[in-house]
Amino acid sequence: MSSNSFAYNEQSGGGEAAELGQEATSTISPSGAFGLFSSDWKKNEDLKQMLESNKDSAKLDAMKRIVGMIAKGKNASELFPAVVKNVASKNIEIKKLVYVYLVRYAEEQQDLALLSISTFQRALKDPNQLIRASALRVLSSIRVPIIVPIMMLAIKEASADLSPYVRKNAAHAIQKLYSLDPEQKEMLIEVIEKLLKDKSTLVAGSVVMAFEEVCPDRIDLIHRNYRKLCNLLVDVEEWGQVVIIHMLTRYARTQFVSPWREDDGLEDNEKNFYESDDEEKEKSDKKRPYTMDPDHRLLIRNTKPLLQSRNAAVVMAVAQLYWHISPKSEAGVISKSLVRLLRSNREVQYIVLQNIATMSIQRKGMFEPYLKSFYVRSTDPTMIKTLKLEILTNLANEANISTLLREFQTYVKSQDKQFAAATIQTIGRCATSITEVTDTCLNGLVCLLSNRDEIVVAESVVVIKKLLQMQPAQHGEIIKHMAKLLDSITVPVARASILWLIGENCERVPKIAPDVLRKMAKTFTSEDDLVKLQILNLGAKLYLTNSKQTKLLTQYILNLGKYDQNYDIRDRTRFIRQLIVPNEKSGALSKYAKKIFLAQKPAPLLESPFKDRDHFQLGTLSHTLNIKASGYLELSNWPEVAPDPSVRNVEVIESAKEWTPVGKSKKEKPAKKFYSESEEEEAEEEESSDSSSDSEGESGSESGDTGSSSEDSSEDSSSGQESETGSEAEAEGKRAGKRNSRLKRKSDSEDGEKKNEKSKTSESSSAESSSMEESSSGSESASESDNEPVPRKVAQAKERKPQQERHPPPKDVFLLDLDDFNPVSTPVALPTPALSPSLIADLEGLNLSTSSSVINVSTPVFVPTKTHELLHRMSGKGLAAWYCFPRQPCIFGDKMVSVQITLKNTSDRKIENIHIGEKKLPVGMQMHVFHPIDSLEPEGSVTVSVGIDFCDSTQTACFQLCTKDDCFNVNIQPPVGELLLPVAMSEKDFKKERGMLTGMNETSATVIAAPQNFTPSMILQKVVNVANLGAVPSGQDNVHRFAAKTVHSGSLMLVTVELKEGSTAQLIINTEKTLIGSVLLRELKPVLSQG
Amino acid sequence: MSRPSRASNTTKMIHSLFLINCSGDIFLEKHWKSVVSQSVCDYFFEAQEKAADVENVPPVISTPHHYLISIYRDKLFFVSVIQTEVPPLFVIEFLHRVADTFQDYFGECSEAAIKDNVVIVYELLEEMLDNGFPLATESNILKELIKPPTILRSVVNSITGSSNVGDTLPTGQLSNIPWRRAGVKYTNNEAYFDVVEEIDAIIDKSGSTVFAEIQGVIDACIKLSGMPDLSLSFMNPRLLDDVSFHPCIRFKRWESERVLSFIPPDGNFRLISYRVSSQNLVAIPVYVKHSISFKENSSCGRFDITIGPKQNMGKTIEGITVTVHMPKVVLNMNLTPTQGSYTFDPVTKVLAWDVGKITPQKLPSLKGLVNLQSGAPKPEENPSLNIQFKIQQLAISGLKVNRLDMYGEKYKPFKGVKYVTKAGKFQVRT
């Protein structure tokens, strides 16, 4: 606006106050003052003086007042030169306020704004990341086209910055630059591509936002980052989560095939969802040739925990994701969370209810259990009431309609008449959709006709009209009743409706209709246009059916209509006259007049106003407004054939480091197997041993390679802090600690929805699994923490070879770090060292957070081949069975011990239908049975797996092994050593844990044996033969340590063998489970003392 | 126009924010991109006029060039200007977060408070959004960036000239514990938890429960030094049907063990909110006997309500208030309370009866006559009664905190749990 008048000022640099004074007078803003022209002028003058002063406090005061002006929308642009000089102020608050000013006015004062650029360019190199970031923010917010190249350069540099915070700001700057100059698109896409690879959760949300803005169609950029984004999702800040989820929803719709089947009837699926896994499996086995892409599953699984978010937008985003891309049977989980949001403030309610309304049309069953949550309160705002009513209508069915109608009765009487009217419409809709109650509703509505409130009556009339039209049965009584209403009712729509109804049914009420026409003829001139038209119609219809009585009346009305002021009415009059009144000019049409006027009219469809909203993606602005908003991105339809899934594969190196659990297995095995749905896994029971050993191998190797590094890394990072190398490593460390906890979510969901569902239904999720995953994820994140800084340091050293980045040994990190940071000696450069102690505490805190956090479940050291007889072939009529303990984590449940049963047919005929019959388990014990074996050929044998939760006791599990003809009672008693799972831990952890398990938790015994039995290998061999323990590396030759945890409760079981002089040894067991501890001690003692 | 033409493509998310008071004055505006004229708010005023009351102003309004998404909080409208498709909840949730932040900083979110602290408000808005996309919304981070005003600080600042603005990047911003600030130190280490449960209920005419459920929250006030790692366990966690968590809670731990494990933010925050499933029977602590009648063709009616305790688990019910929105035809009310005091506002037609405590010996009641506008038809429906009450030291669902353990720090914190049950949306239809 005023930049023109400023133009001459550019050379002067805006320094001289005198000139500026003139300036101010000439450009004083229209909004600034009315009659206060002079005082305003003075005020600004004095602001200028304050800005010129040497004192920071005066400057600050001035800036505060200026910001106050901006906030009120007053024009402060003439102060630009005086303000811009302070951009380099040392005082950080002044600086910030100047930034605020600059961003607001730079666009109007482009030339002057350029003066500040060099300050920002300098600040971009500042060692303090906060300053770098805010410089980038302001620089990119100054909407001055000239600096586009500078911005581009700054963004490029910042995108390779060490600090993720600066990189986040770079992602924001991309969007700003793009809106300033769309020409830069290609270059910006390059930056986006680079930032998409970023592993920091801080950056992820912002860069996806930039992606959505700049190049939402470049879906190819997402492929390789898809899995990473899915896995990072829970750790991204909440706003980023929303953006990422929306983007991934679109992505999924283009890359995967539809999980919806034709016969995906809702009711049956609802049930399906809550059914136990086996049943589901059986069902889907029959029905489903479709297998879900593992990546598709990954997304669905990883978003589920976010339904628990406190942020309504996140919950809604997940809900729409489930709605649009998950199998219909799984979408049920979202309803509970959405209903929860209804407790929130009215705006959230409004949006959520709208979305529920759309969903409830298509899938009633989802929200039926929550019917009562949509009951209306008299204190709800009207818009909320109507939405709730809408949903109640959608949910109405034969079963609940009577309850609903009773509820509607209350609503009809509401003082809020608009709402009462809406309720009446609702009743009409229910009446049409549920035929059982049509008559009830109709009667109810007729009762309402005698209501005192006109709006209610009018609405009832309209609805009754619609209902009667649909049911042209004998409703003469109702019509007569309504005809009487014409005397009292004044609402035009209602009058018109009654007239129309009488006209349509004039042959059913032959006496009343002409009389009504007579009355209307009298009042014709004073009626509303709407009513007049209907009077004309009524007249025409009566003329055709009953011309004897009504001929004159109709002609009278037609004459009145001819001179009406409204041309619609005049037109209609002319039209009707030509059609019905026979004269010589009348054309061929008049013959058909009766057919034209009294044709059977199609009944109106009473349907939801939300019917047509479903073509918009849920949760979007377009959906809310039911208009396509600008920038709305359509959800594509599912592709017929999925595009190549391998595009999402990432090179082995990357995958191994980035998101270990999934990525790793990916390279070890064909993807299908690992990801495959739990259902399938179960189906592959025969292979279960093999698949489970696989997964175990994986966890083993993982803890193997991270176990050692976890300690290193923690040392490393602490040394990093001491050496002041910086906030970087520290932050990473912190993140690692945090991820320790957060990853739990991830690994949880990776473990399969099977477990999720289970924990839902049976609530029997176990401690062990959590601690096991927790620990493995912990170690993983630890390893990540020392890996992560590397690429960035290297990147800063201007080496741009991504492959190399990951390889330098951890030591290098800190060398580079020192190089990077040492020369910078200003205290500002190191904002965080003061925090180091708390950080260490933080890390410790995380370690201590649960006693189990140090436990890594490891592979069994030794798997005994010993088998136990379950059923002798003689007593089993030819069926023999043995069982053994494969010492693997059970795939059926985390609290279960995996047992392998080998069945053999020693008879000479086929044994059919082998299955487990009645189970007589002690209280609390649970058993997961194997699937029935259809038939077993003579001499054939088969091995199956079952899972038994022994509740950490050596009680016997009794059950029946049945064939087609017989049942045999068998039982399994577990040796105490099999109730354990080995864990890997460091010696330090072991000592710490042991320190916490003293006193009554400790049992010990002295063992005497020959020295040759006390060699390390002998001890190891003996111990692990008896019990499934993991060896703990020991620094002392004469002490051997073993650790495990109990399968059911996850309590630690620590075994120590201390060799004493001579041939004695002390055997010590520390555990909370003293009973098992003492049994184990009893079993170990003789073994160790044997020769 | 000297302003450069706006780039054709527009950016997502929040473009501008206007704060409007009840009388329709725009008293604050903030733009994150190019300036949008105040006149865009005219569309909002139009919608506001159309709506019967403030509650009914649609949160999303479409105008020819922009979309307006607004929230109504504490008698203020927060109107944001959007240019393209965006999830509306995203904006709504953010605006509420802004209002929460003001509340947190100034003790109240009012026009006066915002005007008094306009500079801090501006600094806050600047940090909270960058280019319309949320940047820092965690209260703990913001407080490190911009210190909240206190009387002491403003005095000190005016003398020393020091500033409200922190000069370091809050470490939380960089870590994955963005909600906790670093270097927290207290001489008294305390952790308090308030278990607050609200009963939402609709009671019908005859006194039977149409709908009832319990909504609970656990609010925490944590003043612990360093980086404490807390775990909170319940005696009966199965009660919690649906839970939403503060981001600090480790979801996995909850899933597997039903233990809340977290590194808390510093200060006050909402740890979880939960719902106790409506399948469980909800104890309704009070009953209301009511008889409200309006005589046909007469200008008066009778009003009589009595409140008594029902299933109150032996605790005193206190803080009872009854609010009734009387029909429009009611001119005045002439009532006598046996206890407490009542007011009737003839303009808004709201009857408010502040009852206080229930003593079972003498049940509080409110009786008297209702004056109606003569000639007007008698009201169709009796008004429903909205009831508020409070029961201390009781969580009506029976939820009980079992224990709180702290790891990671050496000191012994002082721990406390308080239970309160309140009426939520508790409505009695008459």
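This briefing covers chain A as a whole, then one sheet in chain B and a helix that packs on it. The model is predicted. Chain A has 49 helices and 16 strands. In chain B, 9 strands form an open sheet with mixed pairing.

**Chain A overall**
- Chain A has 1091 residues, and 60% of them count as buried.
- Take the contacts in chain A with a separation of 6 or more: 69% of them come from residues 24 or more positions apart.
- The exposed area of chain A is about 42,800 Å². Carbon and sulfur atoms supply 53% of that area.

**The sheet in chain B**
- The strand order is β11-β13-β9-β8-β23-β21-β16-β19-β18.
- The edges are β11 (240–245) and β18 (341–345) of chain B. Each has a single partner strand, so one side of each is left without a neighbour in the sheet.
- From one strand to the next, the twist averages 15°.

**One strand pair within the sheet**
- Strands of a sheet pair through backbone hydrogen bonds, in either a parallel or an antiparallel sense.
- In chain B, β21 (residues 385–392) and β23 (residues 414–428) pair in the antiparallel sense. Their pairing runs over 5 bridges.
- Opposite Asn386(B) stands Gln427(B), a residue of β23(B).

**A chain A helix on the sheet**
- Helix α20 of chain A, residues 333–341, packs on the sheet.
- Helix α20 touches two strands of chain B, β11 and β13 (267–276).
- The direction of helix α20 makes about 70° with that of β11(B).
- One of the strands that helix α20 touches, β11 of chain B, stands at an edge of the sheet.

Key
Residues are numbered from 1 along each chain as its sequence is written. Chains are lettered from A and ligands numbered from 1 in the order in which they are written. This is a predicted model: local features need pLDDT of at least 70, side-chain atom pairs count only at pLDDT 80 or more; totals for chains, interfaces and linings use all residues. Side-chain values use heavy atoms; hydrogens and water are left out. Helices (H or I, at least four residues) and strands (E, at least two) are DSSP runs, numbered from the N terminus. Buried means under 20% relative accessible area, exposed over 50%, partly exposed in between (1.4 Å probe, protein chains only). Contact means heavy atoms within 4.5 Å. Accessible areas come from the Shrake-Rupley method with a 1.4 Å probe; for residues, only the protein chains shown count as cover. Two strands pair if DSSP finds at least two bridges between them. Axes are lines fitted to C-alpha atoms, for helices over the stretch in contact, and angles run from 0 to 180 degrees between N-to-C directions.
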